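Good morning, and thank you for the time on the agenda. I would like to take the group through one structure, beginning with its fold and ending with two loop positions.

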Amino acid sequence: TEAIRPLIAGNWKMNGLKSALGEFEAMIAGAGALAGKADLLVCPPATLIAGFADKALGSKLAVGAQDCHARASGAHTGDLSAEMLADAGASAIIVGHSERRADHGETDAIVRQKAEAAWRAGLVAIVCIGETQKQRDAGQTLDICGRQLAGSLPDGATAANLVVAYEPVWAIGTGLTPTPKDVEQVHRFIRGVLTDRFKAEGGKIRILYGGSVKPSNAAELMAVTDVNGALVGGASLKATDFLAIAEAC
Ligand code: PEP
């Protein structure tokens, strides 16, 4: 199999004001030197997408969104469509993050519609899956991930339009991470699901690990078979940490 180019994606969640532009500019400044190693993407809150995307124009740092509505437009107060996010300068959208599944009741069917919306707008869908601590303790990790993949991934996925992020819910923001062996087992399983369903293309789709990735553990996690990059929450807010994680892959 040919080498897959890694992606390091930052998820700022509900953090960041206009005053964070300096931090983002520091990321742009560091991104050029890392272009030989990985693709870099930052997903700030929606309020910052247009401003960041303007600054990042012509650089090696891409800007993405954290969610979208499934519809292109209409009577959906407070929501943003994939088309709007594309218009603001986003090139990718995270869909199905566990915080949205938990806080907003997003089901696999909704996540699938949002991934299709991202594609409709010409954007990459980063589809998140992952088990809770309770599910892990019950030995259901692969069952849960398999069910989420089956329900959340639309037909027609390619290496260019889809990224899958494996994010064990218990590892998000906790400082806890699975062992490299555990990560490898799940990523291998995901790879199998992708190749079963999308054939040769499924062998090239990037599978990110997410959950408490930081500079100190990034090299170990990024070295795992079938780990093609990271989705980074807390550590993506600081340019030095985010760039150090990219450096480690
Ligand atoms: C995330 O929520 O996508 C995430 C990986 O968070 P953290 O890195 O802070 O655990």
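A word on terms before the loops can be located: helices and strands here are runs assigned by DSSP, helices of at least four residues and strands of at least two, numbered from the N terminus. With those names in place, Thr 174 can be assigned to the loop between β6 and α8. Please bear in mind throughout that this is a predicted model.

Let me turn to the overall fold. Eight strands close into a barrel, in the order β1-β2-β3-β4-β5-β6-β7-β8, and their pairing is parallel. On average, and ignoring direction, neighbouring strands of this sheet are turned by 25 degrees against each other. In general, strands of a sheet pair through backbone hydrogen bonds, either parallel or antiparallel. One example is the pairing of β2, residues 39-43, with β3, residues 61-65, where three bridges join the parallel strands. Within this part of the barrel, Leu 40 stands opposite Leu 61 in β3.

I now move to strand β7, residues 206-210. How many of its five residues are buried? The count is five of five, and the strand is described as mostly covered. As a general point, side chains in a regular strand alternate between the two faces of the sheet. In β7, Arg 206, Leu 208 and Gly 210 lie on one side, Ile 207 and Tyr 209 lie on the other, and all are buried, which leaves both faces covered.

Which strands flank β7? On one hand there is β6, residues 162-166, which runs parallel to β7 and is joined to it by four bridges. Here Tyr 166 has Tyr 209 of β7 as its bridge partner. On the other hand there is β8, residues 229-232, also parallel to β7 and joined to it by two bridges. In this pairing Gly 210 is partnered by Leu 231 of β8. The connection from β7 to β8 passes through helix α9, residues 215-222, and this β-α-β crossover is right-handed. A right-handed β-α-β unit is likewise formed by β6, helix α8 (residues 180-202) and β7.

Helix α8 also meets helix α7, residues 141-152: their axes come within 10 Å and cross at roughly 35 degrees. The crossing is right-handed. On the α7 side the contact is made by Thr 141, Leu 142, Cys 145, Gly 146 and Leu 149, and on the α8 side by Val 186, Phe 189, Ile 190 and Val 193. By character, these residues divide into seven nonpolar, two polar and no charged.

Finally, the two loop positions. Is Thr 174 buried or exposed? Thr 174 counts as exposed because 12 other C-beta atoms lie within 10 Å, and the cut-off for exposed is 12 or fewer. In space Thr 174 is 6.5 Å from Ser 212, C-alpha to C-alpha, although 38 residues separate them in sequence.

Val 213 is found in the loop between β7 and α9. Val 213 has 27 other C-beta atoms within 10 Å and is therefore buried, the threshold being 20 or more. Leaving aside neighbours within four places in sequence, Val 213 is in contact with Ala 218, Leu 221, Ala 230, Val 232, Ala 235 and Ile 245. Gly 234 lies 21 residues from Val 213 in sequence and 8.5 Å from Val 213 in space, C-alpha to C-alpha.

Methods. Residues numbered from 1 in each chain as written. Predicted model: local features only at pLDDT ≥ 70, side-chain atom pairs only at ≥ 80, totals over all residues. Pairing = 2+ DSSP bridges. Right-handed = clockwise from strand over helix to strand, strands pointing away. Axes fitted to C-alpha atoms, helices over the stretch in contact; angles between N-to-C directions. Left-handed = near helix turned anticlockwise from the far one by under 90°. Contact = placed C-beta atoms within 7 Å. Nonpolar A, V, L, I, M, F, W, Y, C, P; charged D, E, K, R; others polar.
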